[in-house]
Amino acid sequence: MSTNLAQNFQQVCQRLEQASLELAAGAAAPQLLAVSKYHSSSLIAELYQLGQVAFAESYVQEALSKQQELEGLAIEWHFIGPIQSNKTKQIAQHFTWVHSVDRLKVAERLNKACADSGRRLNICLQVNISREASKSGCLPEELPALAIAVQSLPYLQLRGLMAIPNPTEDIAEQRANFAKVAALQAQLNQILDDPLDTLSMGMSNDLEAAVAEGATYVRIGTALFGART
């Protein structure tokens, strides 16, 4: 067992616990999503033995290889990377959650793949909250039409929003960005038949700000596994 991994896991859990103590009474505590892309199956297995169940990957082939190596473990696999249309069938078959849907074509292909296998898939819509040309995600003004369309697809369960705001060390700016995502979800809940319950936001450097603004999943990689080589 890696001493560093165990210590990192404990520290991240403590950060989440401390941030959660400041939440309003009755607010949901966030779940830790371990971002394991580029990290080995052995490290994933170690973290699983420490009690972490939900893991996130960004690349389909890398993820499928790890899933095969770790098939004896009851891991909950989340996909968080950009989605290529020709990978939707594999994603639908091998993941429980997809956090990075940003266009209807991808959602429709995921829905068809799920229909073929008879399973449902939890979906988050990725929003480009900082309007960065280099980032995936639909623009805020595109969200209502996309959300309504995705919620009508029978094999997809639309759960919420995912965002990766422009990185900043300014805590107030971090919170402002995450507050915008939470506000968008609140607006969607005024028009959708089934309310959204998931905000996938916050990473190693800004998880406290994300939790303060209502994150239900925080996606942590570096703080757990160390910097990627």
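These points walk through the parallel strands of a predicted model, the helices that link them, and one buried serine.

1. Strand S1 (residues 31-35) runs parallel to S2, and two bridges join the pair. Within this pairing, Ala-34 stands opposite Phe-55 of S2. The connection between the two strands passes through helix H2, and S1, H2 and S2 together form a right-handed β-α-β unit.

2. Helix H2 covers residues 41-49, and its buried positions are Ser-41, Ile-44, Glu-46 and Leu-47. In an α-helix there are 3.6 residues a turn, so residues three or four places apart point the same way. After H2 comes Gly-51, which has a positive phi near 120 degrees.

3. Strand S2 (residues 54-57) is covered on both faces, with Ala-54 and Ala-56 buried on one side and Phe-55 and Glu-57 buried on the other. This division can be read against the general pattern that side chains in a regular strand alternate between the two faces of the sheet. A reader checking the model may wish to note that Glu-57 is among these buried residues.

4. On to the next strand: S2 pairs with S3 in the parallel sense, over four bridges. Phe-55, which has Ala-34 of S1 opposite it, also stands opposite Trp-77 in S3. Helix H3 (residues 60-69) completes a right-handed β-α-β unit with S2 and S3.

5. Strand S4 (residues 97-101) is mostly covered, five of its five residues being buried. S4 pairs with S3 (residues 76-79) in the parallel sense over two bridges, and Val-98 is the bridge partner of Phe-79. From S3 the chain reaches S4 by way of helix H4 (residues 88-94), in a β-α-β crossover that is right-handed.

6. S4 is also joined by three bridges to strand S5 (residues 121-127), and these two strands run parallel. Here Trp-97 stands opposite Asn-122 of S5. With helix H5 (residues 104-117) between them in the unit, S4 and S5 make a right-handed β-α-β arrangement.

7. The last point concerns Ser-200, a residue of strand S7 (residues 198-200). Ser-200 counts as buried because its relative accessibility is 0%, where the cut-off for buried is under 20%. The side chain of Ser-200 makes a polar contact of 2.8 Å with the side chain of His-99. If neighbours within four places in sequence are set aside, the residues in contact with Ser-200 are His-99, Leu-161, Met-162, Ala-163, Tyr-217 and Arg-219.

Technical notes. Residues numbered from 1 in each chain as written. Predicted model: local features only at pLDDT ≥ 70, side-chain atom pairs only at ≥ 80, totals over all residues. Heavy atoms only, no water. Buried < 20%, exposed > 50% of the residue type's maximum accessible area, 1.4 Å probe, protein only. Pairing = 2+ DSSP bridges. Right-handed = clockwise from strand over helix to strand, strands pointing away. Polar contact = N/O pair within 3.5 Å; in protein donor to acceptor, adjacent residues only side chain to side chain. Contact = heavy atoms within 4.5 Å.
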